[in-house]
Amino acid sequence: MNFTFSKYRIQTKTRFAFIKLALLVVLAVTSSGTAFCQVDNKNDAATIEMIFTSDAHYAITRKAFRGDTNVNSHTVNAAMISEMNNLPSLNFPADGGVNSGKNIGSIDYLIEGGDIANRMENGWQSAAASWAQFETDYIGGIKLKGHKSEPLKFLIVPGNHDISNAIGYYRPMQPLTDPSSMVKIYNMMLKPAQPMTNDAYNYATDKINYSRNIGGIHFVFITLWPDSAERIWMEKDLSAVAATTPVIVVCHDQPTCEAKHFTNPAPPHNMTKQNKFENLTAEYYKEGLTAAGDDGSTDIEQRGWVKFLKLHPNIKAYFHGNSNWNEFYVYTGPDNDVSLPVFRVDSPMKGKYSAKDETKLSFQLISIDPNTLNLTVRECLWNTNPSATTHTIVFGDSKTVSLRVK
């Protein structure tokens, strides 16, 4: 950053104070550890290419995979990553989207939507063991490079299973808690001057919220779902973003959230087998004393989120995992008064459909043109012929939306 001063002389003490202030602004981190926006200085002439996947769920097994039964998550995730590594040699489908028909070539980022660990019930392995496998398979196994031949960058948010392992659950786990995956994501994404430790980690204050400006697009990564507490952080983050800058929200839960992910509203707000709340959000559930099922009512909670969307019409897209299948849809809110493009992604281990039919296993490839502000998301089916000795990604559904702010 260059500062030009004309005819005025600045005394040494004042100059150093000013430089110190500037450095503090650049390196600013909130008291809760969540990071202000960082800027990735990509070549604006190049499109941005991202892989989006979620719900790796290390520790569990697939009933069937490529001719075997009870196949562990390490094997399945590693197989998916092997297919990801082949993307640069493929061409985009001729679907009219961004880079239609062109060679893929480079991948700049991988977004992981959470649930790296599985909940540690029934003697499943610890979050620490699951993270170690994730490091081996993803961080060590992905060989992709960006447009300037730099290594692919990771953008990770936590999932409900990662959080439950850190704070506990209404059924006993072994061990009772293990915040390892939360702490590792925290350190990797927020890069605090003093790395977080398992002993020091406090979910109430140490949320994994951060943002990135990439190619003129503002990406916001938040913990689980944009509840009332997350929206306070988002409001502060977006206050420094121009109203004409498109914003993309990435988190684990779908825009409707799940009732059981809210906090028990009845004092002392404990998690019990009877109420089935998991106390994952800072917001109390407002529609009863027992968590509704997966499709249960969250209308009251959603209305606060919808109000936020109306105040920030430059939020142009939303990406999530959790419910585990590939879908491109529009979120309209409980009263049908908003319209937000949403992209739901599959899980290699717990897909709603791919868990039963492995030929439906998929991840998403996101392409963004910073000049036209068009975004194309393509379904990448990576296991369409399980019995084959070699595999080739088949492109499935695709959706192109405009990120341009009117």
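Is Y138 buried or exposed? In this predicted model, Y138 has a relative accessible area of 0% and is therefore buried. A helpful place to begin is with the partner of this residue. The structure holds 16 aromatic pairs, and in one of them the ring centres of F134 and Y138 are 4.6 Å apart, with the planes at 25°, so these two rings are stacked. Both residues belong to helix α3, which spans residues 127-139. Their spacing of four residues corresponds to about one turn of that helix. F134 likewise counts as buried, because its relative accessibility is 0%.

A second pair joins W305 and Y318. Here the centres lie 6.0 Å apart and the planes meet at 50°, an angle between the limits of 30 and 60 degrees, so the pair is tilted. W305 sits in helix α7 (residues 299-311), whereas Y318 is part of strand β10 (residues 315-320), so the contact ties together parts that are 13 residues apart in sequence. W305 and Y318 are both buried.

Aromatic contacts also extend beyond single pairs. F52, F319, F328 and F343 are linked by ring pairs into a cluster.

Charged side chains meet aromatic faces as well, and two examples can be inspected in the model. R119 is placed over the face of Y169, at 3.9 Å from the ring centre. K352 lies over the face of W325, and in that case the distance from the ring centre is 4.6 Å.

Notes
Residues are numbered from 1 along each chain as its sequence is written. This is a predicted model: local features need pLDDT of at least 70, side-chain atom pairs count only at pLDDT 80 or more; totals for chains, interfaces and linings use all residues. Side-chain values use heavy atoms; hydrogens and water are left out. Rings of Phe, Tyr and Trp (its six-membered ring) pair if their centres lie within 6.5 Å; planes under 30 degrees apart count as stacked, over 60 as edge-to-face and the rest as tilted. Helices (H or I, at least four residues) and strands (E, at least two) are DSSP runs, numbered from the N terminus. Buried means under 20% relative accessible area, exposed over 50%, partly exposed in between (1.4 Å probe, protein chains only). A charge sits over a ring if NZ of Lys or CZ of Arg is within 6 Å of the ring centre and within 35 degrees of the ring normal.
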